[in-house]
Amino acid sequence: MATQAPVAPVAVARDLTIGDLRRALAAGWRDFAAAPLFGLFFAGIYVGGGLFLSYALFAWGQASWLIPAAAGFPLIAPFIAVGLYEVSRRREAGLPLRWGPVLGAMRGRGDEQIISMGVIVFVAFGFWLMVAHGIFAIFLAGSGIGSESLELFRTGAGVAMLVVGSVVGALMALAFYAVTVMSLPMLVDREVDFLTAIIVSLATVRSNTRAMLAWAVIIGAVLFVAMLPLFLGLLVALPVFGHATWHLYRRAVPPAQ
């Protein structure tokens with residue numbers, strides 16, 4: 001039986017293993033294979049947004065912003081995955097899969113908690129872009145290379161900027177991951193406020209640091225590779241990880257009695 005640690009009125013497992021990650025991925029694939037249209041729909045929104053953002057940056061002569069935008073874009077993925085959590089929840093409960101309830105999950109349970117989390121998601125993305133702009137200004141403001149050119153990344157200052165930006169971005173992404181990885185599935189599953197859900201998410205990461213860091217690395221690496229072919233790999237990777245995160249949530253936070 002899983003060891004439990006009390007968090008507010010909720011208990012979280014503190015014995016997650018790499019084996020649990022493999023089982024969650026297998027379950028996520030089964031959910032995607034059983035209802036691919038839902039996964040492709042939500043992933044398609046994400047892919048379409050990525051393609052539009054890329055086109056807009058090139059059209060506006062801001063090609064150098066493509067890298068920080070692409071690095072920060074995965075911050076939005078957990079919110080896009082809310083509908084996927086509902087698909088997995090309904091399959092688990094033996095409920096029919098209909099578009100109305102699945103799309104309705106994006107609104108939450110009528111208490112605006114998921115909407116509040118959505119605001120946090122988009123504010124975090126905007127904050128990352130401001131930080132990236134600051135890093136750009138520190139390293140390249142006096143380089144004479146315009147932000148419309150990708151050549152700046154071949155300079156010494158450009159490489160230094162990428163290194164520093166990658167470290168800062170990774171730390172921000174890790175903090176955001178810890179806040180959202182369990183909180184969004186929980187808001188789909190239970191009638192709790194988003195602060196409680198965030199506390200549970202942070203407690204899960206703290207109590208299972210090795211496994212949850214491994215999960216973050218796996219998600220980050222696969223999503224990065226999946227974005228390379230015009231974001232198209234995300235059509236499969238995003239729904240599988242969305243469903244898998246639901247099953248990992250179920251392992252970490254047992255169903256309410």
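## Helix H10

Let's start with a quick check on helix H10, residues 194–207: at 1.5 Å a residue its 14 residues should span 20 Å, and the end C-alpha atoms are indeed 20 Å apart, so the two figures agree. Keep in mind that this is a predicted model.

At the start of H10, aspartate 193 has a side-chain oxygen that reaches to within 3.1 Å of the backbone nitrogen of leucine 195. Further along the helix, the buried residues are Thr196, Ala197, Ile198, Val200, Ser201, Ala203, Thr204 and Val205.

## Alanine 178 and its contacts

Two of those H10 names come back when we look at helix H8, residues 156–180, where alanine 178 is found. Setting aside neighbours within four places in sequence, alanine 178 is in contact with Ser201, Leu202 and Val205. Alanine 178 counts as buried because its relative accessibility is 11%, and the cut-off for buried is under 20%.

There is also a C-alpha distance to pick out here: alanine 178 and alanine 216 are 38 residues apart along the chain, and their C-alpha atoms are separated by 9.0 Å.

## The nonpolar cores

The largest nonpolar core has 62 residues, and Met212, Trp215, Leu234 and Leu248 are the ones with the most contacts inside it. Helix H12 supplies the largest share of this core, nine residues. As background, nonpolar side chains in soluble globular proteins tend to be buried together.

Leucine 248 is a handy residue to click on. Not counting residues up to four places away in sequence, leucine 248 touches Leu16, Asp20, Leu21, Ala24, Met182, Met212 and Trp215. Apart from the largest core there is a second, separate one of six residues, with Trp128, Val131, Ala132 and Met161 among them.

## Salt bridges around aspartate 20

The structure holds nine salt bridges, and aspartate 20, already met as a contact of leucine 248, is a good place to begin. The side chain of aspartate 20 meets that of arginine 23 in a salt bridge, 3.0 Å from N to O. Both sit in helix H1, residues 18–34, and because they are three residues apart, about one helical turn separates them. Aspartate 20 is buried, at a relative accessible area of 9%.

Which arginine from a distant part of the chain also forms a salt bridge with aspartate 20? That would be arginine 251, with the closest N and O atoms 3.2 Å apart. Arginine 251 is in helix H12 (residues 234–252) and aspartate 20 in helix H1, so the pair links parts of the chain 231 residues apart. Arginine 251 comes out as partly exposed, at 26% relative accessibility.

## A second bridge from helix H1

Aspartate 31 and arginine 91 also meet through their side chains in a salt bridge, this one at 2.2 Å from N to O. Aspartate 31 is in helix H1 and arginine 91 in helix H5 (residues 82–93), so this pair ties together parts 60 residues apart in sequence. On the burial side, aspartate 31 is buried with a relative accessible area of 3%, while arginine 91 is partly exposed at 36%.

Back around aspartate 20, salt bridges with shared partners join Asp15, Asp20, Arg23 and Arg251 into one network.

## Aromatic pairs

The count of aromatic pairs comes to six. In one of them, phenylalanine 38 and tryptophan 99 have ring centres 4.3 Å apart and planes at 35°, so the pair is tilted. Since phenylalanine 38 lies in helix H2 (residues 36–59) and tryptophan 99 in helix H6 (residues 99–104), the pair ties together parts 61 residues apart in sequence. Phenylalanine 38 is buried at 8% relative accessibility, whereas tryptophan 99 is partly exposed at 36%.

Tilted also describes tryptophan 246 and tyrosine 249, because their ring centres are 5.3 Å apart and their planes sit at 50°. These two are both in helix H12, three residues apart, which is about one turn of the helix. Tryptophan 246 is buried with a relative accessible area of 0%, and tyrosine 249 is buried at 0% too. Finally, ring pairs link Phe38, Phe41, Phe42 and Trp99 into a cluster.

Notes:
Residues are numbered from 1 along each chain as its sequence is written. This is a predicted model: local features need pLDDT of at least 70, side-chain atom pairs count only at pLDDT 80 or more; totals for chains, interfaces and linings use all residues. Side-chain values use heavy atoms; hydrogens and water are left out. A salt bridge is a side-chain nitrogen of Lys or Arg within 4 Å of a carboxyl oxygen of Asp or Glu. Helices (H or I, at least four residues) and strands (E, at least two) are DSSP runs, numbered from the N terminus. Buried means under 20% relative accessible area, exposed over 50%, partly exposed in between (1.4 Å probe, protein chains only). A nonpolar core is a set of buried Ala, Val, Leu, Ile, Met, Phe, Trp, Tyr and Cys residues joined through side-chain atoms within 4.5 Å. Contact means heavy atoms within 4.5 Å. The expected span of a helix is 1.5 Å times one less than its number of residues. A polar contact is a pair of N or O atoms within 3.5 Å; within protein, one must be able to donate a hydrogen and the other to accept it, and residues adjacent in sequence count only if both atoms are side-chain atoms. Rings of Phe, Tyr and Trp (its six-membered ring) pair if their centres lie within 6.5 Å; planes under 30 degrees apart count as stacked, over 60 as edge-to-face and the rest as tilted.
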